[in-house]
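Work through these exercises with the model open. Each task is followed by a solution in steps.

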Amino acid sequence: MVIVKMNNSTVECSIAAGELREIGLTPEAVVNGEKKSALFLAQIDQAVGEQLGYDPETEVLMITRNMMGDGSVRIFGMKLNDEDIQHATDRLRHAAEGILSLTEQPSIDAIKRLSGKEKGVALNKLLSDISHMMMEAYQSDEPEEEPQIEALAQPIVQVERYLAGLHSLEECARFARVIRHLPIKASRVYKERGEYYMVVEVMANGDGVAYEMRRLGLEYAHLLQLGSPELDHIEETGELLIRDHAVERLIEMGL
């Protein structure tokens, strides 16, 4: 995921389709705001707000989501304070007054009295003038500044590495069965001094995932540590029994 801060009030966030698939989402689910993407979108809103220094008490955060041709998702965030809101509504009011003036009945009657090509030209000019006024309503009348572009690449979700200590391969298999529903990115099994250890990398896309992992670890393992020196020690010195997809392979073994 790449976050680009265009200026002090605008942020653009680009997310590749492959990154979304890693966390079980589709571009369509994100763009349409489907329920299963609610947690992810809340995290994006938070990231955008932090980049802009958004103050929810005095500012409004406007978010738009678009799907690009390559399947990636582009999210734009803009914060508006009271002054921004006033400028925007002033431009809309000015445009509305201009459109009302253009469409007064005498002007419409004048077009209706024309005939042939002249009627078409006059009508097209009226519609063009209305369109131009609408476009001006969405363009700031403030002088343009050089964009202050700042790009930041960051993982779409944080990955937490857990070390679970178990007494046997059968206990490893039982632990695998109860954690299989979690968003596991990778898992391995080691053996050292007669003990078995599972290293489980979990995509921490919410407090609920961390809570569930810790709850199950306390219930089914005699040891559960998060990103500890012991984990690094086991990876360096332990005997690697299952290198990849340990959770799935343990379940398939039917122990």
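**Exercise 1. A lysine in a strand**

Is K5 buried or exposed? Keep in mind that this is a predicted model.

Solution.
- Step 1. Locate the residue. K5 belongs to strand β1.
- Step 2. Read its accessibility. The relative accessible area of K5 is 14%.
- Step 3. Apply the cut-off. Buried means under 20%. K5 is therefore buried.
- Step 4. Look across to G77. In sequence, 72 residues separate K5 and G77. In space, their C-alpha atoms are 9.5 Å apart.

**Exercise 2. The two faces of β4**

Work out which side chains of β4 are buried and which are not.

Solution.
- Step 1. Follow the side chains along the strand. They alternate between two faces.
- Step 2. Take one face. V73, I75, G77 and K79 point to it and are buried.
- Step 3. Take the other face. R74, F76, M78 and L80 point there and are not buried.
- Step 4. Add the neighbour β2. It runs antiparallel to β4, with six bridges between them. S14 is found opposite R74 of β4.
- Step 5. Add the neighbour β3. Eight bridges link β3 and β4, again in antiparallel fashion. R65 has I75 in β4 as its bridge partner.
- Step 6. Inspect the connection. β3 and β4 make a hairpin, with five residues between them. In the turn, G71 has a positive phi of about 90°.

**Exercise 3. Check a helix by its length**

Compare the expected span of helix α3 with the distance between its end C-alpha atoms.

Solution.
- Step 1. Count the residues. Helix α3 covers residues 38–52, which makes 15.
- Step 2. Get the expected span. At 1.5 Å a residue, α3 should span 21 Å.
- Step 3. Compare. The end C-alpha atoms of α3 are 21 Å apart, so the two values agree.
- Step 4. List the buried residues. In α3 they are F40, L41, I44, A47, V48, G49 and L52.
- Step 5. Ask what covers them. The cover includes strands β1, β2, β3 and β4, along with helices α1 and α2.
- Step 6. Step past the end of the helix. G53, just after α3, has a positive phi of about 65°.

**Exercise 4. Assemble the five-stranded sheet**

Give the strand order of the open sheet of five strands, then place the helices that pack on it.

Solution.
- Step 1. Write the order. It is β9-β6-β8-β7-β10, and the pairing is antiparallel.
- Step 2. Mark the edges. β9 (223–226) and β10 (239–242) each pair on one side only.
- Step 3. Note the twist. From one strand to the next it averages 25°.
- Step 4. Examine the β6–β9 pair. Four bridges join these antiparallel strands. One pairing sets A164 against L224 in β9.
- Step 5. Place α7. This helix, residues 169–179, packs on the sheet and touches β6, β7 and β8. Its direction makes about 15° with that of β8.
- Step 6. Place α9. This helix, residues 229–237, also packs on the sheet, touching β6, β7, β8, β9 and β10. Its direction makes about 70° with that of β6.

**Exercise 5. Positive phi without glycine**

Where do R193 and H245 lie, and how exposed is each?

Solution.
- Step 1. Start with R193. Its phi is positive, near 50°, though the residue is not a glycine.
- Step 2. Place R193. It sits in the loop between β7 and β8.
- Step 3. Classify R193. Exposed means over 50%. R193 has a relative accessible area of 74%, so it is exposed.
- Step 4. Turn to H245. This non-glycine residue has a positive phi of about 50°.
- Step 5. Place H245. It is in the loop between β10 and α10.
- Step 6. Classify H245. Its relative accessibility is 48%, so it counts as partly exposed.

**Exercise 6. The whole chain**

Decide whether the protein chain is a compact globule or more spread out.

Solution.
- Step 1. Take stock. The chain has 10 helices and 10 strands.
- Step 2. Compare radii. The radius of gyration is 29 Å, whereas the globule rule gives 18 Å for 255 residues. The chain is therefore more spread out than a compact globule.
- Step 3. Look at the box. Along the principal axes, the C-alpha atoms fill roughly 95 × 40 × 30 Å.
- Step 4. Look at burial. Of the 255 residues, 35% count as buried.
- Step 5. Look at the surface. The accessible surface is about 15,500 Å², and 52% of it belongs to carbon and sulfur atoms.

Terms used. Residues numbered from 1 in each chain as written. Predicted model: local features only at pLDDT ≥ 70, side-chain atom pairs only at ≥ 80, totals over all residues. Heavy atoms only, no water. Pairing = 2+ DSSP bridges. Axes fitted to C-alpha atoms, helices over the stretch in contact; angles between N-to-C directions. Contact = heavy atoms within 4.5 Å. Expected span 1.5 Å × (residues − 1). Buried < 20%, exposed > 50% of the residue type's maximum accessible area, 1.4 Å probe, protein only. Rg over C-alpha atoms; globule rule 2.2 N^0.38 Å. Areas by Shrake-Rupley, 256 points an atom, 1.4 Å probe, with all protein chains shown as cover.
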